[in-house]
Number of protein chains: 2
Amino acid sequence: MNNVQEESLRDQKKFRRRLQILEVARGIIASKGLRSLKVRDVAEAVGCSVGSVYNEFGDFDGVILTVNRETVRALTVRLESVPGEDPVRQLYGLAATYLDFFAEHANLLRSLFEHRMEDDRPYPDDILQMVMGAFALMHPPLVRLLPDADDVKIALLSRTLFSAVHGIISLGLEERMVAVPPQMLRQQVEQFLDAHLAGLGILPLQ
Amino acid sequence: MNNVQEESLRDQKKFRRRLQILEVARGIIASKGLRSLKVRDVAEAVGCSVGSVYNEFGDFDGVILTVNRETVRALTVRLESVPGEDPVRQLYGLAATYLDFFAEHANLLRSLFEHRMEDDRPYPDDILQMVMGAFALMHPPLVRLLPDADDVKIALLSRTLFSAVHGIISLGLEERMVAVPPQMLRQQVEQFLDAHLAGLGILPLQ
DNA sequence: TTATGAAATGAACAATGTTCAAGAAGAATC
DNA sequence: GATTCTTCTTGAACATTGTTCATTTCATAA
């Protein structure tokens with residue numbers, strides 16, 4: 001027995017198909033919304049039977065949740081790439097990056113936030129943790145900007161601030177609701193941060 | 001022909017049933033979530049056939065949308081009942097009232113914000129208008145507090161601020177996401193307003 | 001009372017998630 | 001390489017649920 005990961009032909013095919021299913025599912029959600037995602041469409045596009053989808057993911061929620069997991073992972077990567085030299089600039093960068101990501105992948109993010117599980121099964125904890133982790137990315141710059149504040153309070157503030165930005169962006173991009181032009185939305189988010197950081201006693205960008 | 005509204009026996013029964021259907025549907029959404037709402041369950045609980053539901057509402061979306069319409073109407077009534085003598089107090093009152101209403105009717109509000117139409121039919125415009133109207137209720141107090149500001153800017157600010165509060169509350173009440181204790185959430189919203197109004201140059205409550 | 005037309009009915013249909021017995025295919029053993 | 005074993009794949013059948021519509025029911029009008 002080799003301690004290197006055995007890559008049997010069967011495993012390879014299985015893995016390749018798994019990726020195909022996810023790719024197709026993500027494409028459908030992104031382009032036509034979560035409600036338009038159907039098992040049979042996915043199976044046909046991938047070229048396998050519906051049974052194989054179930055075999056790989058257990059149930060349909062499994063496919064959706066895996067796509068959601070990758071969405072929040074990609075979001076986190078993007079947010080973590082925001083430069084962190086200047087904490088104020090970092091806060092603005094996080095908000096702007098979230099806006100860009102949301103605008104690019106609106107339906108994927110809606111799937112992440114709006115999907116309800118069948119029956120009353122709990123939402124997978126690892127996804128919740130990842131979302132919380134992303135929302136906590138405002139924590140480090142806030143710590144630097146408010147060195148005297150209680151750490152627990154800053155954790156709360158970080159979540160509050162990110163939730164507020166999320167509300168502004170998600171409703172602003174809800175074309176059916178508001179239809180704020182993207183450029184105006186960007187400005188709106190910036191002005192929001194201007195006022196809020198000022199209120200926290202944080203000096204704006206020069 | 002009497003110009004008084006004819007109330008034929010047929011119309012009475014029709015109207016009574018319409019109310020019953022809505023009552024049952026709202027109850028199911030409120031207690032078990034939109035995903036648990038089924039035509040047959042509603043029909044059985046009301047004591048009529050599924051055909052009657054369709055006869056009255058056209059399709060199932062019609063039932064949901066009518067419930068949503070009443071939800072936003074009730075929300076508006078509650079928000080309009082917030083005292084308006086002191087504009088600062090009014091802003092805090094609007095946020096606190098929204099929090100209370102959301103906490104009491106979480107599933108109904110989620111139905112309002114998360115329901116996607118079948119196919120790509122547009123969301124009814126009157127509901128969107130009512131939501132926008134509710135979110136504009138911060139406008140009058142903000143005008144009083146910022147007498148020198150451009151009215152269009154205040155309209156934007158009102159929507160931004162309410163959207164932010166919505167984000168904080170809707171994510172905060174998403175037990176699966178965060179599970180913020182209600183009392184802490186109330187405090188969170190207040191502190192958020194404290195900071196933001198301060199940033200806008202508005203003096204806090206004495 | 002009878003005729004009329006609108007409303008109610010619910011069986012049948014359609015779309016879609018889910019299961020599972022049978023078969024196919026790779027892996028293991030000889 | 002043949003055989004056996006294990007696992008995966010298949011897709012027909014089933015279950016659930018939204019939707020339709022020919023038929024029946026029933027309040028109203030004549």
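Q: How do you know that the copies meet through the same surface in this predicted model?
A: Compare the two sets of interface residues: 100% of those in chain B are also interface residues in chain A, so the same surface is used by both copies.

Q: What makes the two copies related as by a two-fold rotation axis?
A: Laying chain B on chain A takes a turn of 180° and a shift of 0.0 Å along the axis, and the RMSD is 0.1 Å. The relation is thus that of a two-fold rotation axis.

Q: What does the secondary structure of chain A come to?
A: There are 10 helices and zero strands in chain A. Read from the N terminus, the order is α-α-α-α-α-α-α-α-α-α. The C-alpha trace of chain A spans about 60 × 50 × 30 Å along its principal axes.

Q: Why is α9(A) called roughly perpendicular to α10(B)?
A: Helix α9 of chain A (residues 151–172) and helix α10 of chain B (residues 182–199) pack at about 70°, their axes 11 Å apart. Angles of 65 to 115 degrees count as roughly perpendicular, so α9(A) and α10(B) earn that name.

Q: Which residues of α9(A) and α10(B) meet?
A: A:L156, A:T160 and A:A164 come from α9(A), and they meet B:M184, B:Q188 and B:F192 of α10(B). Sorted by class, this contact has four nonpolar, two polar and no charged residues.

Q: What makes α5(B) roughly perpendicular to α6(B)?
A: In chain B, helix α5 (residues 87–104) packs against helix α6 (residues 106–114) at an angle of about 100°, with 5 Å between their axes. The range for roughly perpendicular runs from 65 to 115 degrees, so the term applies to α5(B) and α6(B).

Q: Which residues of α5(B) and α6(B) are in contact?
A: From α5(B) come B:Y98, B:F101, B:F102, B:A103 and B:E104, while α6(B) brings B:A106, B:L109 and B:F113. The contact of these helices has seven nonpolar, no polar and one charged residues.

Q: Which residues come nearest to DNA strand C?
A: Of the 20 residues around the strand, A:R40, A:Y54, B:R17, B:S52 and B:N55 come nearest. On the DNA side, sugar and phosphate make up 61% of the strand C atoms within 4 Å of the protein.

Q: How do you know that A:Y54 makes a polar contact with a phosphate oxygen of DNA strand C?
A: A polar side-chain atom of A:Y54 lies 2.6 Å from that oxygen, and the cut-off for a pair of N or O atoms is 3.5 Å. B:R17 passes the test too, with a side-chain N or O atom 2.7 Å from a phosphate oxygen of the strand. For B:S49 the partner is a polar backbone atom, 3.1 Å from a phosphate oxygen of DNA strand C.

Q: Which helices each supply at least two residues of the surface near DNA strand C?
A: Both chains take part: α1 (9–32) and α2 (39–46) of chain A, along with α1 (9–32) and α3 (50–57) of chain B. The largest share, four residues, is that of α3(B). By class, the surface near the strand has seven nonpolar, five polar and eight charged residues.

Definitions and conventions: Residues numbered from 1 in each chain as written. Chains lettered and ligands numbered in written order. Predicted model: local features only at pLDDT ≥ 70, side-chain atom pairs only at ≥ 80, totals over all residues. Heavy atoms only, no water. Least-squares fit on C-alpha atoms with pLDDT ≥ 70 in both. Contact = heavy atoms within 4.5 Å. Near = heavy atom within 4 Å. Polar contact = N/O pair within 3.5 Å; in protein donor to acceptor, adjacent residues only side chain to side chain. Nonpolar A, V, L, I, M, F, W, Y, C, P; charged D, E, K, R; others polar. Axes fitted to C-alpha atoms, helices over the stretch in contact; angles between N-to-C directions. Parallel < 35°, antiparallel > 145°, perpendicular 65-115°, else oblique.
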